[in-house]
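Colleague: I should like to go through this model with you, one question at a time. Please give the reasoning before each result.

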Amino acid sequence: METLVWSGAAVSILGMIGIIWSVVMVVRARRASLSDDDLRARLNRVLPLNLGALFLSVIGLMMVVIGVLLA
């Protein structure tokens, strides 16, 4: 079960890195002074990354909780 906890922590950290990266991409897009349509296009490209990173983070946290409960 210890491996489940540590692997879950690693997956969760990867998810957090992805979330931080998507925030950085959104901040860069907002500072670029783009038109509304261009800004929406960029944000639409960031959305799948953000959702995937959130999914990874949640799965990792679930793995940690399950590993702790089973130990």
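Modeller: A residue is called exposed when its relative accessible area is over 50%, and buried when that area is under 20%. Please bear in mind that this is a predicted model.

Colleague: Is Ser33 buried or exposed?

Modeller: Ser33 is placed in the loop between H1 and H2. Its relative accessibility is 67%, and the cut-off for the upper class is over 50%. Ser33 therefore counts as exposed.

Colleague: What is the phi of Ser33?

Modeller: Ser33 follows H1. Its phi is positive although the residue is not a glycine. The value is near 55°.

Colleague: How many helices and strands does the protein have?

Modeller: Helix H1 covers residues 2–31, and helix H2 covers residues 36–70. No strand accompanies them, so to speak of the count in full: 2 helices and 0 strands.

Colleague: How far apart are the end C-alpha atoms of helix H1, and what span should its 30 residues have?

Modeller: The expected span rests on a rise of 1.5 Å a residue, which gives 44 Å for the 30 residues of H1. The separation of the end C-alpha atoms agrees with that expectation, because it is also 44 Å.

Colleague: What radius of gyration does the protein have, against that of a compact globule of 71 residues?

Modeller: The C-alpha trace spans about 55 × 15 × 10 Å along its principal axes. A compact globule of 71 residues would have a radius of gyration near 11 Å. The value for the protein is 16 Å.

Colleague: Which helix do the buried residues of H1 pack against?

Modeller: The buried residues in H1 are Gly8, Ser12, Gly15, Gly18, Ile19, Ser22 and Ala29. An α-helix has 3.6 residues a turn, so residues three or four places apart point the same way. The buried residues of H1 pack against H2.

Colleague: Which residues does Ser22 touch, not counting those up to four places away in sequence?

Modeller: Ser22 belongs to helix H1. It counts as buried because its relative accessibility is 2%. Beyond its sequence neighbours, Ser22 touches Val46, Leu49 and Asn50.

Colleague: Which residues is Ile19 in contact with, leaving aside neighbours within four places in sequence?

Modeller: Ile19 is another residue of helix H1, and it is listed among the buried residues there. With close sequence neighbours left aside, its contacts are Asn50, Ala53, Leu54 and Ser57.

Colleague: Is Leu54 buried, exposed or partly exposed?

Modeller: Leu54 lies in helix H2 and is in contact with Ile19. It also belongs to a nonpolar surface patch with Met1, Leu47, Leu51, Val58, Met62, Ile66 and Leu70, and together these residues have about 760 Å² of accessible area. Its relative accessibility is 44%, so Leu54 counts as partly exposed.

Colleague: What distance separates the C-alpha atoms of Ala10 and Leu61?

Modeller: Ala10 is in helix H1, and it counts as partly exposed because its relative accessibility is 41%. Ala10 and Leu61 are 51 residues apart along the chain. Their C-alpha atoms are separated by 9.6 Å.

Colleague: What share of the accessible surface belongs to carbon and sulfur atoms?

Modeller: Buried residues make up 18% of the 71 residues. The accessible surface of the protein comes to about 5300 Å². The share that belongs to carbon and sulfur atoms is 71%.

Notes: Residues numbered from 1 in each chain as written. Predicted model: local features only at pLDDT ≥ 70, side-chain atom pairs only at ≥ 80, totals over all residues. Heavy atoms only, no water. Patch = residues over 30% accessible without salt bridge, like charges linked within 9 Å, V, L, I, M, F, W, Y side chains within 5 Å. Areas by Shrake-Rupley, 256 points an atom, 1.4 Å probe, with all protein chains shown as cover. Salt bridge = Lys/Arg side-chain N within 4 Å of Asp/Glu carboxyl O. Helix = DSSP H or I, 4+ residues; strand = E, 2+ residues; numbered from the N terminus. Buried < 20%, exposed > 50% of the residue type's maximum accessible area, 1.4 Å probe, protein only. Expected span 1.5 Å × (residues − 1). Contact = heavy atoms within 4.5 Å. Rg over C-alpha atoms; globule rule 2.2 N^0.38 Å.
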